[in-house]
Amino acid sequence: MKKVVISTGGGDAPGLNAVIYAVVHACYRRGWEVYGSRNGYTGFLDIDEMLRLTPQDVEEIYAIGGTILGSTSKGNPFAKPVKNLAGEIQLVDTSPKIMQNYKRMGFDCHIAIGGDGSLEIANRFSKLGMKVIGVPKTIDNDLMITDRTFGFDTAVSTATDCLDKLHSTAKSHDRVMVVEVMGRDSGWIALYSGISGGADVILIPEIPFDLEVVCEKIADNELRDKHYSIVVVAEGAVAKGGQVISKGKGELGREEVILGGIGEWVASEIRHRSDKDTRSLVLGHLQRGGSPTTFDRLLALRFGAAAVRLVEEETFGHMVALVSSKMTAVPIEEAIKTRKKVQLDNDKILTARDIGICFGD
Ligand code: F6P
């Protein structure tokens, strides 16, 4: 009999509930107990936020987006924003309390579902003696070693649907539509949705772009009697010699800057450099919403079940990963070393270039 605790950390991604579903069922079949910590590590600090999970509690959740456990992007327990007696917010290291409660509550292990930030935190707990298994989640698909993270396929499908819808309005008004998509410092969402959604230009962080080249592509379209263009820009894309456009750091305790604004900037530059009517839109959190696609659902269920098998084998400190279509385990440490970027010889880049998509380089 084992007592397993699950947590979901960082930005939500479609498929989180499917992982929880698989973990609960796989543990139940082994006669183990499962608990869920609400909002990242809050359950380890407040017993009322630690939920017992049974198959009844997770009925049909595999098809639902978001996470039944809640999540937070400012939930680093090693630097948690806490109000002091004077009402000021301070960053406090709550890890000793979490370790103490993890042991006191009698857990055998912790299945941490998260992106690089949450898995880095899980890895720090692993070094403090917590038995941790990681599950790779993020719509950005930027985790190393695993071929895919769950959430990515759904985000790409949503972005592609939106691009499909933009063509008719762009064409009716002879406009340039600039669409900003998520992905942080990686261009995976922009690349996959841009190719599939018929973009003329895709701008990604891995290829610094030149606006003159972008405008040449738009002018070229005009010459070929195509009077509208679709530009997909990743939120972390950068102009040659320029800087990432962000909205600053946001709330205290948040690890990363809030990206955003590049789409509108690109649109206004195109407007000034050409005589084209231009509009921009930001797909934003729509990409994180909705029911997971079949691919993400299945991947998330496979990850959850594989995580429980790792618990059984006691392969702790590891993350489940999809490598060449197979479930495997890799040290969490390896997975979080760097972020997975689009390589310039990736066949999707080559495909895009072959079918005439411009990267602004
Ligand atoms: O990492 C997932 C992600 O959706 C990024 O693509 C995006 O930059 C970020 O999270 C947005 O975070 P938040 O939900 O805190 O605005």
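The following exercises, each with a worked solution, concern a predicted model.

**Exercise 1. The sheet of four strands**

Determine the strand order of the open sheet of four strands, and identify its edge strands.

Solution.
Step 1. The order of this open sheet is S9-S10-S8-S11, and the pairing is parallel.
Step 2. Strand S9 (201-203) and strand S11 (277-282) each pair on one side only, and they are the edge strands.
Step 3. From one strand to the next, the twist averages 15 degrees.
Step 4. Strand S8 (residues 175-181) runs parallel to S11 and is joined to S11 by six bridges. Within S11, Arg-279 is the bridge partner of Met-177.
Step 5. Helix H7 (residues 211-223) lies across S8, S9 and strand S10 (229-234), and runs at about 165 degrees to S9.

**Exercise 2. The sheet of seven strands**

Describe the pairing in the open sheet of seven strands, and state which helices lie across its strands.

Solution.
Step 1. The strands follow the order S3-S2-S1-S6-S7-S12-S13, with mixed pairing.
Step 2. The edges are formed by S3 and strand S13 (326-331), each of which pairs on one side only. The twist averages 30 degrees from one strand to the next.
Step 3. Four bridges link strand S2 (residues 33-37) and S3 in the antiparallel sense. Tyr-35 stands opposite Arg-52 in S3.
Step 4. Helix H1 lies across strand S1 (3-8), S2, S3, strand S6 (109-114) and strand S7 (132-136), at about 180 degrees to S1.
Step 5. Helix H9 (residues 294-313) lies across S6, S7, strand S12 (318-323) and S13, at about 135 degrees to S12.

**Exercise 3. An aromatic pair**

Classify the pair formed by the rings of Tyr-21 and Tyr-62, and locate both residues.

Solution.
Step 1. The whole structure contains ten aromatic pairs.
Step 2. The ring centres of Tyr-21 and Tyr-62 are 4.9 Å apart and the ring planes stand at 80 degrees, so the pair is edge-to-face; the cut-off for this class is over 60 degrees.
Step 3. Tyr-21 belongs to helix H1 (residues 16-29), whereas Tyr-62 is in the loop between strand S3 (50-53) and strand S4 (80-83); the pair therefore ties together parts that are 41 residues apart in sequence.

**Exercise 4. The ligand**

State which residues surround the ligand, and give the distances of its oxygen atoms from Gly-183, Glu-235 and Arg-288.

Solution.
Step 1. The surrounding residues include Ser-73, Ile-139, Asp-140, Met-182, Arg-254 and His-285.
Step 2. A ligand oxygen atom is 3.2 Å from a polar backbone atom of Gly-183.
Step 3. For side chains, an oxygen atom of the ligand is 2.6 Å from an N or O atom of Glu-235, and an oxygen atom of the ligand is 2.8 Å from an N or O atom of Arg-288.
Step 4. On its own the ligand has 400 Å² of accessible area, of which the protein covers 82%.

Notes. Residues are numbered from 1 along each chain as its sequence is written. This is a predicted model: local features need pLDDT of at least 70, side-chain atom pairs count only at pLDDT 80 or more; totals for chains, interfaces and linings use all residues. Side-chain values use heavy atoms; hydrogens and water are left out. Two strands pair if DSSP finds at least two bridges between them. Helices (H or I, at least four residues) and strands (E, at least two) are DSSP runs, numbered from the N terminus. Axes are lines fitted to C-alpha atoms, for helices over the stretch in contact, and angles run from 0 to 180 degrees between N-to-C directions. Contact means heavy atoms within 4.5 Å. A residue is near a molecule or strand if one of its heavy atoms lies within 4 Å of it. A polar contact is a pair of N or O atoms within 3.5 Å; within protein, one must be able to donate a hydrogen and the other to accept it, and residues adjacent in sequence count only if both atoms are side-chain atoms. Accessible areas come from the Shrake-Rupley method with a 1.4 Å probe; for residues, only the protein chains shown count as cover. Rings of Phe, Tyr and Trp (its six-membered ring) pair if their centres lie within 6.5 Å; planes under 30 degrees apart count as stacked, over 60 as edge-to-face and the rest as tilted.
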